[in-house]
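Could you walk me through this structure in my viewer? I would like to know what to select next and what is there.

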Amino acid sequence: MRFRWLLRTLTLHAGQPENKIPAEFRLQVPSGDTHVSVRDVTKKSGAERLALGRGTSWGDFDNDGREDILVGGERAPFCLFRNHGDGTFENVAESLGLHDPLALAATVAVH
């Protein structure tokens with residue numbers, strides 16, 4: 001699949017029609033209803049982050065059985081969004097002393 005996608009991308013990027021690719025190497029697109037709907041609920045959930053991103057990790061940092069989200073930002077402090085389990089999150093980074101605006105990456109570790 002990956003190589004077929006790459007071949008298609010390079011063919012189209014070169015200005016060639018997709019039918020120039022031999023049929024046996026073409027990307028197979030499923031037929032029928034493949035509609036996917038995505039709804040942005042970040043603001044409503046409390047997990048909105050407007051900054052140049054450096055990375056995101058998720059894991060259960062507080063061992064409550066729910067996935068929490070750690071977001072790094074460029075020239076911005078980390079956000080650690082505690083999952084309340086009801087579709088909402090709370091940024092608890094400052095209350096936990098998590099400050100590192102220059103960090104390049106972060107990983108959530110659970111013991």
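**A short tour**

Start with the whole chain: it exposes about 8,600 Å², and carbon and sulfur atoms supply 56% of that area (Shrake-Rupley method with a 1.4 Å probe; for residues, only the protein chains shown count as cover). Before you click further, note that this is a predicted model, in which local features need pLDDT of at least 70, side-chain atom pairs count only at pLDDT 80 or more, and totals for chains, interfaces and linings use all residues. Residues are numbered from 1 along each chain as its sequence is written, and side-chain values use heavy atoms, with hydrogens and water left out.

Now colour by secondary structure. You should find 2 helices and 4 strands, in the order α-α-β-β-β-β from the N terminus (DSSP runs, H or I of at least four residues for helices, E of at least two for strands, numbered from the N terminus).

Next, select residues 2–13, which are helix H1 and include Leu10. H1 has 12 residues and spans 16 Å from first to last C-alpha, close to the 16 Å expected at 1.5 Å a residue (1.5 Å times one less than the number of residues). Just after H1, stop at Gly15, where phi is positive, at about 80 degrees.

Then move to helix H2, residues 42–45, and pick Ser45. Is Ser45 buried or exposed? Ser45 is buried, with a relative accessible area of 9% (buried is under 20%, exposed over 50%, partly exposed in between, with a 1.4 Å probe and protein chains only). Beyond its neighbours within four places in sequence, Ser45 is in contact with Gly87, Thr88 and Phe89 (heavy atoms within 4.5 Å).
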